[in-house]
Every structure is written in C-alpha cells, then in structure tokens.
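Trainee: I keep seeing words like "buried" and "core" in structure notes. Could we go through one chain together and check what each word rests on?

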Amino acid sequence: MNRFLIAGLGNIGEEYDNTRHNIGFKIVDACAKKWNTTFDGRRRYASVAESSLKGRAITIIKPSTYVNLSGKAVRYWLAEENIPYKNMLVIVDDLALPFGTIRMKGNGSDGGHNGLKNIEEILQTNYYPRLRFGIENNFPKGGQVNYVLGKWTKEEEAKLTERIDKAVEAIESFCLIGLDKTMTLFNGK
C-alpha cells in the first residue's frame, strides 16, 4: 500500500486560530473532515489523523512544534510511518502568491518561509513536495509579521472555503495521480 504524509504547518494556540500563517492547519482540517477522520492531539510532536484514499494510507499531521520548528515533527513522522520524501506534501502560506492561489512543486527554495527552512535544515534536502497557498503581501513596509499572524479579512473569509476545497482536491490528486499531473491541473488555479 502506498503511504503518504500530509503536513499542514501552523502555530498551536487559540491566539493563532484563523490567522493567515495557519492556513496549513485549516487545509488539513478540511482534509480530515472530508476523509471522515479526526486528529489525536496526544501524539509525539503533532496532532495526527489517519485515513485512506483509494488504497493509499494517509497520515495527516499538524506539528505542535510551531511553524518555525516544523522539521522535527516532519522528520519523526516520516520515519515513524516509513514514508519516502516524494510521498510527503508540506502545506504552507505564501506571501508571494495572490490570495487563494495554489502552487505545488517537488523541490525548491524555502522562499523565506521559516517552516520550510527548518524542514530543509533537518531533512538536509529541499527535494520534497510542497503546496503553497497564496496569502498575498498586502501590508505596509515593516508589517509582515503582523500581517502573517493576522486574521483573515471579511473579503478573504468569504472566498476562503472555496479555495481550501480546491487545495483539498489538489492534495487528493497528489496522492492519487502524482505530483507532475497534479501540478499541471492545479498550479496557478
């Protein structure tokens, strides 16, 4: 059976609920809901949910290590579940993409994202799939931290469910038909 790890990055704690930086958590929550599973928050380094999709075993994690230290949780669950890097998908927010835009890649730079930077440092590679979800860069100079850790606007909230649903479709596609075909179908959408 093919095994997959879906890692949605975010920060734990109520103060971070519904913030732009926690879009990874929101997307994997939507996956868990659609796949009829729930998270167990008492697992090592992460809240973990298990599911399957047409013969593929899927472990979904929300690291409890905070975004900037996500590598420890990702490394642990890859090893624990014996999953190759090519079957892992890391979901993060991206300031460089327009709101709600999805971009999936099989490798690349961290793009200034501290969660990706930490994963790359710990895994010693940047060759692993990631899904970037656009949050735009609609903030004044020096306002990046407040913007990223800020709540969604009413306009964004109105469109968020549809965009999250599209991200879930892309994740399912990644597990079922692979990275290359999924990038063709979903990138920039």
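Mentor: Sure, here is the chain, and we'll take the words one by one.

Mentor: Two ground rules before we start. This is a predicted model, where local features need pLDDT of at least 70 and side-chain atom pairs count only at pLDDT 80 or more, while totals for chains, interfaces and linings use all residues. Residues are numbered from 1 along each chain as its sequence is written, and side-chain values use heavy atoms, with hydrogens and water left out.

Trainee: Okay, what helices and strands does the chain have?

Mentor: Six helices and seven strands. Those are DSSP runs numbered from the N terminus, with H or I over at least four residues for a helix and E over at least two for a strand. Read from the N terminus, the order is β-α-β-β-β-α-β-β-α-β-α-α-α.

Trainee: What makes the chain as compact as a globular protein of its length?

Mentor: Its radius of gyration is 15 Å, and the globule rule gives 16 Å for 189 residues; the two are close, so the word fits. The radius is taken over C-alpha atoms, and the rule is 2.2 Å times the number of residues to the power 0.38. Along its principal axes, the C-alpha trace spans about 50 × 30 × 30 Å.

Trainee: Why is Thr101 called buried?

Mentor: Buried means under 20% relative accessible area, exposed means over 50%, and partly exposed is in between, using a 1.4 Å probe and protein chains only. Thr101 comes out at 13%, so it is buried. Thr101 sits in the loop between strand E5 (88-94) and strand E6 (102-105). Leaving out residues up to four places away in sequence, Thr101 touches Arg132, Phe133, Gly134, Gly188 and Lys189. Touching, or contact, means heavy atoms within 4.5 Å.

Trainee: And what about Pro98, in the loop between E5 and E6?

Mentor: Pro98 has a relative accessible area of 47%, so it is partly exposed. Beyond its neighbours within four places, Pro98 contacts Gly134, Ile135 and Glu136.

Trainee: Why does Lys54 count as exposed?

Mentor: Lys54 has 68% relative accessibility, so it lands in the exposed class. Lys54 is in the loop between strand E3 (46-53) and strand E4 (56-63).

Trainee: What is notable about the phi of Lys54?

Mentor: It is positive, about 45°, although Lys54 is not a glycine. Most residues other than glycine have a negative phi. Glu136 is another non-glycine with a positive phi, of about 65°. Glu136 lies in the loop between strand E7 (130-134) and helix H4 (144-148), and at 31% relative accessible area it is partly exposed.

Trainee: What makes a set of residues a nonpolar core?

Mentor: They must be buried Ala, Val, Leu, Ile, Met, Phe, Trp, Tyr or Cys residues, joined through side-chain atoms within 4.5 Å. The largest such core here has 35 residues, and Ile6, Ile27, Ile58, Ile60, Leu131, Phe133 and Ile171 touch the most other members. Helix H5 (residues 154-177) gives the most to this core, eight residues. A second, separate core has 17 residues, including Ala7, Leu78, Val90 and Ile119.

Trainee: Which residues does Ile6 contact, leaving aside its neighbours within four places in sequence?

Mentor: Val28, Ile58, Thr59, Ile60, Ile61, Leu89, Ile91, Ile171 and Cys175.

Trainee: How do you know that residues far apart in sequence meet in this chain?

Mentor: Among contacts with a separation of 6 or more, 68% join residues 24 or more positions apart. Take Ala30, in helix H1 (residues 23-34). The C-alpha atoms of Ala30 and Asp165 are 7.4 Å apart, with their places 135 residues apart along the chain. Outside its sequence neighbours within four places, Ala30 contacts Ile164 and Val168.

Trainee: Which residues of helix H3 (residues 114-123) are buried, and what do they pack against?

Mentor: Gly115, Leu116, Asn118, Ile119, Glu120 and Leu123 are buried. They pack against helix H2 (70-81), E5 and E7. Asn114, also found in H3, is partly exposed at 37%.

Trainee: And how much of the whole chain counts as buried?

Mentor: 52% of the 189 residues.
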